[in-house]
Amino acid sequence: MLQHISALTCTPWWLSQNGACPGVVVYKKPLQWANPLLLKFDYHATGPRRQVAFCCTDRRHTQGRNSKKREAVQQNVDLPPILPKKKKKPYPIPLKQIQQAARADKKLAESGIEKKLDPPKNGLLVPDLIPVAYELLDDWKLLIKGLAQLLHFVPVHACSECSQIHVAQSGHEIQDCLGPTNSSRRSFHSWVKGSINDVLIPIESYHMYDPFGTRIKHETRFNYDRIPAVVELCIQAGVDLPGYPSRRRTKLIRMIGKKVIDIGGLVEEPRPSVDRSSAILDLDTHRSFERFAPPLESEVPRIAQETIDAYEKVKRGVTRLMKKYTVKACGYCSEVHVGPWGHNAKLCGEFKHQWRDGKHGWQDATVDEVLPPNYVWHVQDPKGSPLRSALKRFYGKAPAVVEVCIQAGAQIPQKYKPMMRLDIVLPESEESRLVA
């Protein structure tokens, strides 16, 4: 198909003897063709008039401008970088937004205007999140039970000198131990038998009857129980757990700026009517390996799939609750506090704690701080040869809970496949230096 086009200009380079003219064609108007066309026009510069044919195509998407771009499928994804211990964690919310909100609150406070608070900032519950909290607590119980049962079949090794763990029949031989005596061991790990607390890192928080009441001081810290932060988040979101009561307000909390002018008075915490240790027995990982007997070997794949599904549900539930309910985390250590303000216990011993008199540097928490993923090396063959340092860059990683469930027979979730590097063929140790 040949067409004569007048709405174009041609910048010639040279004119060959056979009549070919390579040139740069500039269109004055965008072409709307989807298929290639042959455009024929007359060309003459200093020589005789010649006819030159150009093949023009439209490079735009055939579905139009409003079509969605195809998302590239990621094959290999690097893990989040390890934050240095001699530096404060970055804020999850940009610092400029925090400063803008503080300036707006200060401006209202100087004018004497009361701050408008929405639930749960005003002390009331969010009705839509109460079923979410109950479902999250059930999934948390199922996660602990499933992990305790799977650990009877899946061996877990923990280093006695550092915090790393490994899920396989034997510990790996990667020299990355950062323990106190790593120089004498050439950075090899000192493996011992691991437990459920190595797989599901326990993050505890103080339980408070009234989160908006009196702050926990360093001298009164023993008057409050320590329970898992996920459980405390569910209690403050509306779960009535026997032995751990929580104040349910009917009147709003009033604030001007950062100052609370009315919290409805202080109410004494009622005494629990049941034993607290028995009430939270199924919600804690303590001695769970002894409480749950090993299942039948034929039921292990089913339990593994239920456990990994419960883990994903727990993460989604914690994410939904943390969008509304405030959770604070220390910017230097792993301490977490569920409530509008952090406690005043002087227990921080991390970077420059002397300057802060042991007090925590509170900031908004992230989901990974409340439910740490605890990444471990992914092993394609748990019964094969141990991992080696020479092939370290070819190995992938996965959360410890996911790795335990996968080795027990669960299906790999799609979101974890890129970081596990399943599409990489492991070379021999002699060939690793030849790989680009």
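Helices, here H or I runs of at least four residues, are DSSP runs numbered from the N terminus, and in this predicted model that numbering gives the place of Pro120, which is in the loop between H1 and H2. The peptide bond that leads from Pro119 to Pro120 is cis, its omega being near 0°. As general background, most peptide bonds are trans, and most residues other than glycine have a negative phi.

**Backbone and loops**

Two residues in loops have a positive phi although neither is a glycine: Arg186, at about 55°, and Lys352, also at about 55°. Arg186 belongs to the loop between strand S7 (165-167) and strand S8 (191-193), while Lys352 is found in the loop between S14 and S15. With a relative accessibility of 60%, Arg186 counts as exposed, because the exposed class begins over 50%; Lys352, with a relative accessible area of 35%, is partly exposed.

The loop that holds Lys352 between S14 and S15 also holds His343, the bounding strands being S14 (336-338) and S15 (362-364). The relative accessibility of His343 is 3%, and this residue therefore counts as buried, since buried means under 20%. His343 and Lys359 are 16 residues apart along the chain, and their C-alpha atoms are separated by 8.8 Å.

The accessibility of four residues can be set out side by side.

| Residue | Relative accessibility | Class |
|---|---|---|
| Leu95 | 44% | partly exposed |
| Arg186 | 60% | exposed |
| His343 | 3% | buried |
| Lys352 | 35% | partly exposed |

**A nonpolar patch on the surface**

Tyr91, Ile93, Leu95 and Ile98 together make a nonpolar surface patch of about 320 Å². One of these residues, Leu95, lies in helix H1, which covers residues 95-110. Leu95 has a relative accessibility of 44% and so counts as partly exposed, because that class lies between the buried limit of 20% and the exposed limit of 50%.

**Packing of two helices**

How do helix H2 and helix H9 pack, and at what angle? Helix H2, made of residues 130-150, packs with helix H9, made of residues 400-407, at an angle of about 55°, and their axes are 11 Å apart. H2 and H9 are therefore oblique to each other, since an angle of this kind falls outside the roughly parallel range, which is under 35 degrees, and outside the roughly perpendicular range, which is 65 to 115. The crossing in which H2 passes H9 is left-handed.

Notes. Residues numbered from 1 in each chain as written. Predicted model: local features only at pLDDT ≥ 70, side-chain atom pairs only at ≥ 80, totals over all residues. Heavy atoms only, no water. Patch = residues over 30% accessible without salt bridge, like charges linked within 9 Å, V, L, I, M, F, W, Y side chains within 5 Å. Areas by Shrake-Rupley, 256 points an atom, 1.4 Å probe, with all protein chains shown as cover. Salt bridge = Lys/Arg side-chain N within 4 Å of Asp/Glu carboxyl O. Buried < 20%, exposed > 50% of the residue type's maximum accessible area, 1.4 Å probe, protein only. Axes fitted to C-alpha atoms, helices over the stretch in contact; angles between N-to-C directions. Parallel < 35°, antiparallel > 145°, perpendicular 65-115°, else oblique. Left-handed = near helix turned anticlockwise from the far one by under 90°.
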